[in-house]
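Colleague: I am new to this structure. Please take a close look at the salt bridges and at where they sit in the chain.

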Amino acid sequence: MLRSLTVERDRQPARYTSVRDVRVPTFLYGTAWKEDATARLVRMALDAGFRAIDTANQRRHYHEAGVGEALAAALAAARLHREDVFLQTKFTYVDGQDHRLPYDPHAPLATQVEQSFASSLQHLGVDYLDSYVLHGPSVGHGLSDDDRETWEAMERLHGAGKTRLLGVSNVSVAQLAELHAGASTKPAIVQNRCFAAMGWDRAVRQFCGERGILYQGFSLLTANREVLRHPRVHEIASRTGRTVPQVIFRFALQVGMTALTGTTSAAHMAEDLSVYDFDLQPEEVRAIEELVA
């Protein structure tokens, strides 16, 4: 079962949690929209202390090979071992891709998954993944036969020991429930854009918490600009002597999320990782949880 990320007062929060016996950092560095700066920024993130990297085999928005370049440099310098870094990437349907496809679009979906996965291993320079994520269902409501075929192909990769965990992104609670009910290998990770105006994705988070699924929240800052300006959040930042983004990331940890950041600033990377050094009061957590942007 997933250990709660909520920490008792006067205790240091956990930098790692565990899901399905896999050790997972509770803060991930996200690599979307980094383009040619990807390798430099991932090296910067690793130097700052991030030990989980999120990417996707979707050249339209990610440069997966840049992540591999940064990881190879860190491994060659003997600063890190492969097992020190949690690597997560994704399979993306053709509708989410541009012309730079990592698979034959005319092949069966199971073959597309296999080709995309093999391409990811090559890009990243590794022989296994820690987490392989379906980058969103193929339909807006429910699941399609394509989704079931794709998940079954991902299950075979998991069964062969090529990825330690499986996950899904950009999913509603109804879609997640349908996937969970029908899957032989249950999703271990959900990664969603997290809007305060929608209760910080409360329904999906609750579903995950009840079933030992790790919830990853992304766009915690960019999707919630009204919250970043809210007087109550600024009061909390003033009390703690922290920045508003630090307060939001710390809130995420205390309600049981793991958080993603995509900052391109070394200073902000250091600030992000220092959220383990302070705590929010229970009433402050409740106040942020209840904010409606």
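Modeller: Asp47 counts as exposed, with 53% relative accessibility (exposed means over 50% relative accessible area, buried under 20%, and partly exposed in between, with a 1.4 Å probe and protein chains only). This is a predicted model, in which local features need pLDDT of at least 70 and side-chain atom pairs count only at pLDDT 80 or more, while totals for chains, interfaces and linings use all residues. Residues are numbered from 1 along each chain as its sequence is written, and side-chain values use heavy atoms, with hydrogens and water left out.

The partner of Asp47 is Arg79, and the closest N and O atoms of this salt bridge are 2.7 Å apart (a salt bridge is a side-chain nitrogen of Lys or Arg within 4 Å of a carboxyl oxygen of Asp or Glu). Side chains of opposite charge can pair when their charged atoms come close. Asp47 belongs to helix 1 (residues 38-48) and Arg79 to the loop between helix 2 and strand 5, so the salt bridge ties together parts that are 32 residues apart in sequence. Helices (H or I, at least four residues) and strands (E, at least two) are DSSP runs, numbered from the N terminus. Arg79 counts as partly exposed, at 43% relative accessibility.

A second pair is Arg164 and Asp130, whose closest N and O atoms are 2.9 Å apart. This salt bridge links distant parts of the chain, with Arg164 in strand 7 and Asp130 in strand 6, 34 residues apart. Asp130 is buried, at 2% relative accessibility, whereas Arg164 is partly exposed, at 38%. A network of salt bridges links Asp130 and Arg164 with Arg82 as well.

Strand 6 (residues 129-134), which holds Asp130, is joined to strand 5 by 4 bridges in the parallel sense (two strands pair if DSSP finds at least two bridges between them). Ser131 in strand 6 is the bridge partner of Gln88. Strand 5 (residues 86-91) is mostly covered, with 6 of its 6 residues buried.

In a third salt bridge, Asp279 meets Arg250 at 2.9 Å, N to O. Here too distant parts of the chain are linked: Arg250 is in helix 9 (residues 244-254) and Asp279 in the loop between helix 10 (266-273) and helix 11 (282-289), 29 residues apart. Asp279 and Arg250 are both buried.

These pairs are among the 15 salt bridges counted by this rule.
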